[in-house]
Amino acid sequence: MGGAVSAGEDNDDLIDNLKEAQYIRTGRVEQAFRAIDRGDYYLDGYRDNAYKDLAWKHGNIHLSAPCIYSEVMEALKLQQGLSFLNLGSGTGYLSTMVGLIIGPFGVNHGVELHTDVVEYAKEKLDDFIKNSDSFDKFEFCEPIFVVGNCLEISSDSHQYDRIYCGAGVQKDHENYMKILLKVGGILVMPIEDQLIQITRTGQCSWESKNILAVSFAPLVQQNRAEGSKPDAVELPPVTVRSLQDLSRVYIRRTLRDLTNEECPDKGLVQRAPQKRRRRRCRLRRINTYVFVGNQLIPQAMESEEDERIDQEQHNEDQEQQEAQEKEQQEKEQEEEEEERDIGSVEILKAVNVLRDKIMTLPLPESLKTYLLYYREK
């Protein structure tokens, strides 16, 4: 499923196309998509396809098309402090974006059938926390992933404010999914080739809305020997944050607010404006009109003014051609420079003001390291 929007050259291009096609409609969803490069979740050698609006699968690793994730993120109506359950959490790409919106006092859990995919998701999450400048621009709810079958969740599990299922749900499993949802919560899942948003309006009342026609692989039924009892999936507990973690959250929040006040534009990523070609305005020759009998017939003017207009038109055509050739040469030169010195790209990145602020504080190195989430300096 996918292909609804044009392919982009990078993550920002992809998001621009999703916005233009009205798949991304709110600022908070756009910020989350821009903060996490979809290409980082692809295996080496496959990244060229990351910015196409297409699903990708390699072995057990799977990513849905960007337009699907966009609709899911919008339909979930995420807010700070909500609890979220991702059934079929896969690479963790969607869960990580959700974590940027629900913030440090939310709950972010994922269940994934395949052990190797859970390990892959944890590796990608660790890379994001330790290496991405975007991490320091947000307060984050770190996802917790567990291995298990989504259809075997323990019956006494707690409920969630928001749930997404990333595999096709059969009609007879619909109520099973609904029970995991709190009153007032939203469940987004594919049923019978439709992505559906279900809102729980009461203990036994629901509202459903079709979002998008989709095609998902069905949830995997657990194979077990006849008469054997399935292993129940225990969801992660919802625990209160430690005093140490709370201190880190509030110190980082305070420092982030201070740096934003001091340098409101320094930490923002500014996209380079697209180059627009100058609109070509053609000068038209003015005709005179003469009467021949009862007819009005146009007659071209022959004058020095005509020659001047022709010359101006010729000069304009020549200038436009030269400008296009110059633009092409500059583009080729930029590409060559980028290939020669990839490090120069770092100059274009926004300054990580929070990290800079922490590094300048008169604190013990161990505390600086803790505030930076043990990131390399």
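**Notes on a predicted single-chain model**

1. Strands β6 and β7 pair with each other in the parallel sense, and four bridges link them. Within this pairing, the residue that stands opposite Y164 is V188 in β7. Please keep in mind, here and in every point below, that this is a predicted model.

2. For orientation, the protein chain contains ten helices and eleven strands. Of its 377 residues, 41% count as buried. Where contacts are made between residues at least 6 apart in sequence, 63% of these contacts join residues at least 24 apart.

3. The pairing described at the outset belongs to an open sheet of seven strands, which is best read in its spatial order, β5-β4-β3-β6-β7-β8-β9, and whose pairing is mixed. At the edges of this sheet stand β5 (144–147) and β9 (205–213), each of which pairs on one side only. From one strand to the next, the twist averages 15 degrees.

4. Strand β7 deserves separate mention, because eight of its eleven residues are buried, so that β7 is largely enclosed by the rest of the structure. Elsewhere in the sheet, strand β3 (residues 83–87) runs parallel to strand β4 (residues 107–112), and five bridges join the two. As a landmark for a reader tracing this pair, L87 has V111 in β4 as its bridge partner.

5. Two helices that lie across the sheet can be described together. Helix α3 (residues 66–76) lies across β3, β6 (160–165), β7 (181–191), β8 (194–202) and β9, and its direction makes an angle of about 165 degrees with β7. Helix α4 (residues 93–102), for its part, lies across β3, β4, β5 and β6, and runs at about 175 degrees to β3.

6. How many of the ten residues of α4 are buried? The count is ten of the ten, and α4 is therefore largely enclosed by the rest of the structure. The buried residues are Y93, L94, S95, T96, M97, V98, G99, L100, I101 and I102. After α4 comes G103, which has a positive phi, near 75 degrees.

7. A further point concerns the packing of two helices against each other. Two packed helices are described by the angle between their axes and the distance between the axes. For helix α7 (residues 243–262) and helix α9 (residues 353–360), the angle is about 110 degrees and the axes are 9 Å apart. Since angles from 65 to 115 degrees count as roughly perpendicular, α7 and α9 are therefore roughly perpendicular to each other. On the α7 side the contact is made by R252, L255, R256, T259 and E262, which meet V353, L354, K357 and I358 in α9. By character, the residues of this contact divide into four nonpolar, one polar and four charged.

8. One residue of that contact, R256, lies in helix α7 and may be worth a closer look. Is R256 buried or exposed? With a relative accessibility of 10%, R256 counts as buried, the cut-off for that term being under 20%. When its neighbours within four places in sequence are left aside, R256 is in contact with D136, K137, F138, E139 and L354, and L354 is one of the α9 residues named in the preceding point.

9. Two residues other than glycine have a positive phi and may be examined side by side. Phi of Q22 is near 70 degrees; Q22 is found in the loop between α1 (11–20) and α2 (27–35), and its relative accessibility of 48% makes it count as partly exposed. Phi of Y373 is near 60 degrees; Y373 is found in the segment after α10 (365–371), and with a relative accessible area of 18% Y373 is buried.

10. Finally, the cysteines. How many disulfides does the structure hold? The number is zero. C165 accordingly takes part in no disulfide, and the nearest cysteine sulfur to its own, that of C150, is 5.7 Å away, whereas a disulfide would require the two sulfur atoms to be within 2.5 Å. C165 counts as buried, at 0% relative accessibility, and C141 is buried as well, with a relative accessible area of 4%.

Technical notes. Residues numbered from 1 in each chain as written. Predicted model: local features only at pLDDT ≥ 70, side-chain atom pairs only at ≥ 80, totals over all residues. Heavy atoms only, no water. Axes fitted to C-alpha atoms, helices over the stretch in contact; angles between N-to-C directions. Parallel < 35°, antiparallel > 145°, perpendicular 65-115°, else oblique. Contact = heavy atoms within 4.5 Å. Nonpolar A, V, L, I, M, F, W, Y, C, P; charged D, E, K, R; others polar. Pairing = 2+ DSSP bridges. Buried < 20%, exposed > 50% of the residue type's maximum accessible area, 1.4 Å probe, protein only.
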